[in-house]
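The following exercises introduce a structure step by step. Each task is followed by a worked solution.

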Amino acid sequence: ATDMIHITSDLGVTYHIINTSGQTVKQGDLQNGSTVDISHLSSGTYIVDILVHNNKHIIQKLIKK
């Protein structure tokens with residue numbers, strides 16, 4: 001990804017973008033999915049932890065170019 005990531009969900013979600021040091025660098029709440037601006041993040045590898053409001057975690061690796 002370069003500037004935006006898309007999180008799609010029929011339910012509301014909470015997301016955390018975590019760097020390789022374990023620090024949360026961006027977080028927020030989304031309703032019915034949305035686009036998240038990551039243009040301010042440095043290039044590198046991140047973890048996106050998405051908590052769906054039914055208490056299910058979805059974890060994805062994000063490579064920011």
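**Exercise 1. The central pair**

In which sense do β2 and β5 pair, and over how many bridges?

Solution. The model examined here is predicted. Strands β2 and β5 pair in the antiparallel sense, and six bridges link them. One position fixes the register: Val13 stands opposite Val52 in β5.

**Exercise 2. The order of the open sheet**

Determine the order of the strands in the open sheet and name its edge strands.

Solution. Step one is the pairing on the other side of β2. Six bridges join β2 to β3, and the two run antiparallel. Within this pair, Thr14 has Asp29 of β3 as its bridge partner.

Step two is the pairing on the other side of β5. Strand β5, residues 44-52, pairs with β6 in the antiparallel sense over nine bridges. Here Asp49 stands opposite Ile59 in β6.

Step three joins the pairs. The result is an open sheet of four strands in the order β3-β2-β5-β6, with antiparallel pairing. Its edge strands are β3 (24-30) and β6 (56-64), each of which pairs on one side only. From one strand to the next, the twist averages 20 degrees.

**Exercise 3. The surroundings of β2**

Explain why strand β2 is described as largely enclosed by the rest of the structure, and examine the hairpin that β2 forms with β3.

Solution. Strand β2 covers residues 13-18, and five of its six residues are buried, so the rest of the structure largely encloses this strand. In the hairpin of β2 and β3, five residues lie between the strands, and Gly22 takes a positive phi near 90 degrees. Gln23 also belongs to the loop between β2 and β3. Apart from residues up to four places away in sequence, Gln23 touches Ile17 and Ile18. The C-alpha atoms of Gln23 and Tyr46 are separated by 9.8 Å, although these residues are 23 residues apart along the chain.

**Exercise 4. The two faces of β1**

Which side chains of strand β1 are buried, and to which strand do four bridges join β1?

Solution. The general pattern comes first: in a regular strand the side chains alternate between the two faces of the sheet. Strand β1 (residues 4-7) shows this alternation: Ile5 and Ile7 point to one face and are buried, whereas Met4 and His6 point to the other and are not.

Next comes the partner strand. Four bridges join β1 to β4, and the two run antiparallel. His6 stands opposite Thr35 in β4, and a polar contact of 3.0 Å joins the side chains of these two residues. Thr35 counts as partly exposed because its relative accessibility is 35%. Beyond its neighbours within four places in sequence, Thr35 is in contact with Met4, Ile5 and His6. By C-alpha atoms, Thr35 and Ser21 are separated by 24 Å, at 14 residues apart along the chain.

**Exercise 5. A charged residue in β6**

Where is Lys64 found, and what does its side chain reach?

Solution. Lys64 is found in strand β6. Lys64 is buried yet has no salt bridge. The nearest side chain of opposite charge is Asp3, 4.8 Å away, while a salt bridge requires a separation within 4 Å. The Lys64 side chain does reach the backbone oxygen of Thr2, at 2.9 Å. Leaving aside neighbours within four places in sequence, the contacts of Lys64 include Ala1, Thr2, Ile38, Leu41 and Tyr46.

Note on methods: Residues numbered from 1 in each chain as written. Predicted model: local features only at pLDDT ≥ 70, side-chain atom pairs only at ≥ 80, totals over all residues. Heavy atoms only, no water. Pairing = 2+ DSSP bridges. Axes fitted to C-alpha atoms, helices over the stretch in contact; angles between N-to-C directions. Buried < 20%, exposed > 50% of the residue type's maximum accessible area, 1.4 Å probe, protein only. Lys, Arg positive; Asp, Glu negative; His and termini not counted. Polar contact = N/O pair within 3.5 Å; in protein donor to acceptor, adjacent residues only side chain to side chain. Contact = heavy atoms within 4.5 Å.
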